[in-house]
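I opened the model to look up a few local details. The entries below follow the order in which I checked them.

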There are 2 protein chains.
Amino acid sequence: MLKEERQHAILNEVELHNKVLLTDLADKLNVSVDTVRRDVKELDEENLLVKVHGGAVSLGFANHSPQRNNVYALDKKVAIAKKAIALLRNNSVILIDGGTTCLELAKLLPTNLKLTCFTISLPVAMELLRKPNVETIFIGGTLSRDSQISMGPSAIHALSEIKVDYSFIGTGYVDTEFGLTEFDWDVVQTKKAVINASKKAVLLCISEKLNSQHRFKTCSLNVINTMITELEPWDTKLTPFKNQNTQIL
Amino acid sequence: MLKEERQHAILNEVELHNKVLLTDLADKLNVSVDTVRRDVKELDEENLLVKVHGGAVSLGFANHSPQRNNVYALDKKVAIAKKAIALLRNNSVILIDGGTTCLELAKLLPTNLKLTCFTISLPVAMELLRKPNVETIFIGGTLSRDSQISMGPSAIHALSEIKVDYSFIGTGYVDTEFGLTEFDWDVVQTKKAVINASKKAVLLCISEKLNSQHRFKTCSLNVINTMITELEPWDTKLTPFKNQNTQIL
DNA sequence: AATATATTTGCATTTAATTGCAGTTTTAGA
DNA sequence: TCTAAAACTGCAATTAAATGCAAATATATT
């Protein structure tokens, strides 16, 4: 039996039942478990199914909801959030963007810290409501299905009417030359408004996003007052960013 | 049984009933309570549900404990939500209030129905984002910690600028004489704005709230175009409400 | 067709993940 | 405050995954 043929059969099986056990497949296809495992691994790498411990599930069945990937690089995000929190004082007025790093910031806010927090992110808002000393104001707008943030003209207009002490923002990509960039045009427009709504913009960014870029530009690096990564400020990976007038924490 | 499969089943169960006991899950899935506990812990870390002592609750019902009867009368709320959905047409523009009955409405919206939905409720917004054919607009404002809705002047102002086909609202108390009443002053102000933001106001209200009142008045009954309860319209409990010019479903 | 080369497959071994259980600590609710 | 139920911890047994290697099979080239 050809590999091609076998993988086709595996895909059919997965599509049909949404889940498959490697042992069942091996049995049905008369090959060893190792072989099906390798097949499934390949199919997974081609994003045709999702490999899980003991078997595979169809793409539709897999839980890759917007919230799902949160666990990724959590320790780094926690480190970043802690540095960001050190900037805050009682009665600070801040604005928190969407994204998993910003969500981590919201989660880790000390319960005794008195704050006024604006946000455009639904998950961040949920977290903020759990903090007894935080007054939370949600910036309304059209909600984006995958990033779960307010966007569009009404969000941008609402943002144009505020000026907070700090905005904490995330970004898809950052580069010394191209600055902050994103995959999505609407997101860029919204982030611009977020940055303009603050006296100081603080970028929260895990180091693996450094030196990467995409289609649309949010702003140049020099618009960012402070950049926080999980690295020590003297880490060599950060040296290209030191020529800018952005503080690095 | 695959772990993925089990976690999927757990999520389904939580979505369906809003709450779930670990012991019940263990029983149903034929695994130990420890295993279920570990699964639920993972799902919680991925923000797909909220783990609580003894079980788990859906994201919308966070803050409530599973044993406590805050999610009570679910079947009645489902019945009400279904009647409300029957009013909707493709391309309807609606506004959904907070509260558990309205949340149930959001959950049960058919996935093929094209809608534009405004809402002031964080949990409702979360649910709406899961509907592929619903455009969701969140009305910004100061968030209330316990009701998880936008309130205050900016929410009221934003509401003053829209006029949707239907608003679906909940209430704390309702009475033929005093109309709709609430415990909280700010909530009343917001609900007034919600009602004004719609051509037709639809009250979703389980029968046990009938003939009860509290401090602050939202509006008289005759401001409400349609009142939906879980009862049949000819039920004797509804007779006192029939003298009004409110349609009863 | 024959040979050389590359790929695929199965097996043994090591490594890692999952699960249930027992004992202890913590929690919720009376 | 007290008590029963639930959560956590460490542990052992089971099961799956990864790795290296040799045999088998497929592919390409002459």
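How far is a phosphate oxygen of DNA strand D from an N or O atom in the side chain of B:Arg37? I read 2.5 Å for this pair.

Conventions. I note that this is a predicted model, in which local features need pLDDT of at least 70, side-chain atom pairs count only at pLDDT 80 or more, and totals for chains, interfaces and linings use all residues. Residues are numbered from 1 along each chain as its sequence is written, chains are lettered from A and ligands numbered from 1 in the order in which they are written, and side-chain values use heavy atoms, with hydrogens and water left out.

DNA strand D. I looked up further phosphate contacts, taking a polar contact as a pair of N or O atoms within 3.5 Å (within protein, one must be able to donate a hydrogen and the other to accept it, and residues adjacent in sequence count only if both atoms are side-chain atoms). A polar side-chain atom of A:Arg37 lies 2.3 Å from a phosphate oxygen of the strand. For B:Lys51, the distance from a side-chain N or O atom to a phosphate oxygen is 3.5 Å.

I then listed the residues around the strand (near means a heavy atom within 4 Å). There are 14, and A:Arg37, A:Gly54, B:Leu22, B:Arg37 and B:Gly54 come nearest. Of the strand's atoms within 4 Å of the protein, sugar and phosphate make up 82%. I sorted the surface residues into six charged (Asp, Glu, Lys and Arg), four nonpolar (Ala, Val, Leu, Ile, Met, Phe, Trp, Tyr, Cys and Pro) and four polar (the others, Gly among them). In both chain A and chain B, α3 (33-45) and β2 (50-52) each supply at least two residues of this surface; helices (H or I, at least four residues) and strands (E, at least two) are DSSP runs, numbered from the N terminus.

Helix α8 of chain A. I compared the length of α8 (residues 185-196) with expectation: at 1.5 Å times one less than its twelve residues, the span should be 16 Å, and the end C-alpha atoms are 17 Å apart, which agrees. At the helix start, a side-chain oxygen of A:Asp184 comes within 2.8 Å of the backbone nitrogen of A:Asp186. The buried residues (under 20% relative accessible area, 1.4 Å probe, protein chains only) include A:Val187, A:Thr190 and A:Lys191.

B:Phe138. I found this residue in strand β6 (residues 134-138) of chain B. B:Phe138 counts as buried because its relative accessibility is 1%. Its contacts (heavy atoms within 4.5 Å), not counting residues up to four places away in sequence, include A:Phe138, A:Leu122 and B:Ser121. B:Ser121 is 17 residues away in sequence, with 7.9 Å between the C-alpha atoms.

Terms used. Buried means under 20% relative accessible area, exposed over 50%, partly exposed in between (1.4 Å probe, protein chains only).
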